[in-house]
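Let's take a walk through a protein together, one step at a time. Have the sequence and the 3D view ready, and turn the model as you read.

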Amino acid sequence: MQQNKQTVKNNNHKILRRGVLASVLMVGFGFALVPLYDVICDITGLNGKTGVLAAENVTEQNIDHTVVVQFDGTVNSDLPWSFKPEQFSMEVVPGKLYHTEYVALNQSKADVTGQAIPSVAPAKASIYFSKTECFCFTEQLLTAGEKKQMPVTFIVSPDIPKDIDVLTLSYTFFNKNRMTAEQQVAGNASHEEIEI
């Protein structure tokens, strides 16, 4: 009987040690995912991770090559906003700084905080596209019925390949209070027609 109690106690200690070890490994894996995710986003351009190109470092402009930048804006169904770009496309000279704006309107009777998740397509163009100023860098609070201009300043690298002549900058806005971890990471949302 005494030996049975000792065996059960030893088994319980083994299970406890394995549980603690599994917990520590899961936490470590969670921390390791952040830099791994950043590397994947830098390579693929997912989640708005774009090439880092400072405007002051651009010295040459290839005027014989222009790129059409298309702008797109959507909101997740949990966000009672309308959101769209003020202009839907712009022809740009690589190496030159450009500015555009989006406009958002809170259609609810309550204050709502949103977070924009950017992306650039095609993915191979994302490393040649840099935002120097963007509303997506911070959360955006809109009071009930408020309409707000949201600026974006960007530059397309002069190193962009000649076969890339069109790229799309897209934003999806989510209700910050209702975002799941998966939405924060992936930026998946339903696309719908927007009228402002």
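Which Phe, Trp and Tyr residues form one aromatic cluster? Keep that in mind as you look around, and remember that what you see is a predicted model. The cluster is made of Phe 71, Trp 81, Phe 83, Tyr 98, Tyr 102, Phe 129, Phe 135, Phe 154, Tyr 171 and Phe 173. To see where some of these rings sit, we can begin with the strands.

One open sheet is built from four strands, and reading across it gives the order β2-β4-β8-β6. The pairing in this sheet is antiparallel. At its edges you will find β2, residues 81–85, and β6, residues 129–134, each of which pairs on one side only. From one strand to the next, the sheet twists by 25° on average. Now pick out β4 (residues 97–106) and β8 (residues 147–156), which are joined in the antiparallel sense by nine bridges. For one such bridge, find Leu 105, whose partner in β8 is Lys 147.

There is a second open sheet, this time of five strands, in the order β3-β1-β9-β5-β7. Here the pairing is mixed. The edge strands are β3 (89–92) and β7 (140–142); each has a single partner strand, so one side of each is left without a neighbour in the sheet. The average twist from one strand to the next is 30° in this case. Strand β1, which covers residues 67–75, pairs with β3 in the antiparallel sense over four bridges. You can check this pairing by finding Val 67, which stands opposite Val 92 in β3.

With the strands in place, let's return to the rings. The structure holds twelve aromatic pairs. One of them is formed by Tyr 98 and Phe 154, which are stacked, with 6.0 Å from centre to centre and 25° between the planes. Why does this count as stacked? The angle between the planes is under 30 degrees, so the pair falls in the stacked class. Along the chain these two residues are 56 residues apart, with Tyr 98 in strand β4 and Phe 154 in strand β8, so you can see how the pair links distant parts of the chain. Tyr 98 counts as buried because its relative accessibility is 14%, and Phe 154 counts as buried because its value is 0%.

A pair with another geometry is made by Tyr 102 and Tyr 171. Their ring centres are 5.1 Å apart and their planes stand at 85°, so this pair is edge-to-face. It too links distant parts of the chain: Tyr 102 is in strand β4 and Tyr 171 is in strand β9 (residues 166–175), 69 residues apart. Are these two tyrosines buried or exposed? Both Tyr 102 and Tyr 171 are buried.

Another member of the cluster to visit is Phe 83. This residue lies in strand β2, and Phe 83 is buried, with a relative accessible area of 0%. Its C-alpha atom is 9.9 Å from that of Met 150, although the two residues are 67 residues apart along the chain.

Next, turn to some charged side chains. Side chains of opposite charge can pair when their charged atoms come close. How many salt bridges are counted here? The count comes to two. In one, Asp 163 meets Lys 124, and the closest N and O atoms are 3.1 Å apart. Asp 163 is in the loop between β8 and β9, while Lys 124 is in the loop between β5 (112–121) and β6, so the pair ties together parts that are 39 residues apart in sequence. Asp 163 counts as exposed at 54% relative accessibility, whereas Lys 124 is partly exposed at 49%.

Lys 176 and Glu 139 form a salt bridge as well, and their closest N and O atoms are 3.7 Å apart. Lys 176 is found in the loop between β9 and α2 (181–186), and Glu 139 in the loop between β6 and β7, so parts that are 37 residues apart in sequence are tied together. Both are partly exposed: Lys 176 has a relative accessible area of 26% and Glu 139 has one of 44%.

Our last stop is on the surface. Leu 16, Val 20 and Val 24 form a nonpolar patch there, with about 290 Å² of accessible area together. Leu 16 belongs to helix α1, which spans residues 2–44, and Leu 16 counts as exposed at 55% relative accessibility.

Methods. Residues numbered from 1 in each chain as written. Predicted model: local features only at pLDDT ≥ 70, side-chain atom pairs only at ≥ 80, totals over all residues. Heavy atoms only, no water. Pairing = 2+ DSSP bridges. Axes fitted to C-alpha atoms, helices over the stretch in contact; angles between N-to-C directions. Phe/Tyr/Trp six-rings, centres within 6.5 Å; stacked < 30°, edge-to-face > 60°. Buried < 20%, exposed > 50% of the residue type's maximum accessible area, 1.4 Å probe, protein only. Patch = residues over 30% accessible without salt bridge, like charges linked within 9 Å, V, L, I, M, F, W, Y side chains within 5 Å. Areas by Shrake-Rupley, 256 points an atom, 1.4 Å probe, with all protein chains shown as cover. Salt bridge = Lys/Arg side-chain N within 4 Å of Asp/Glu carboxyl O.
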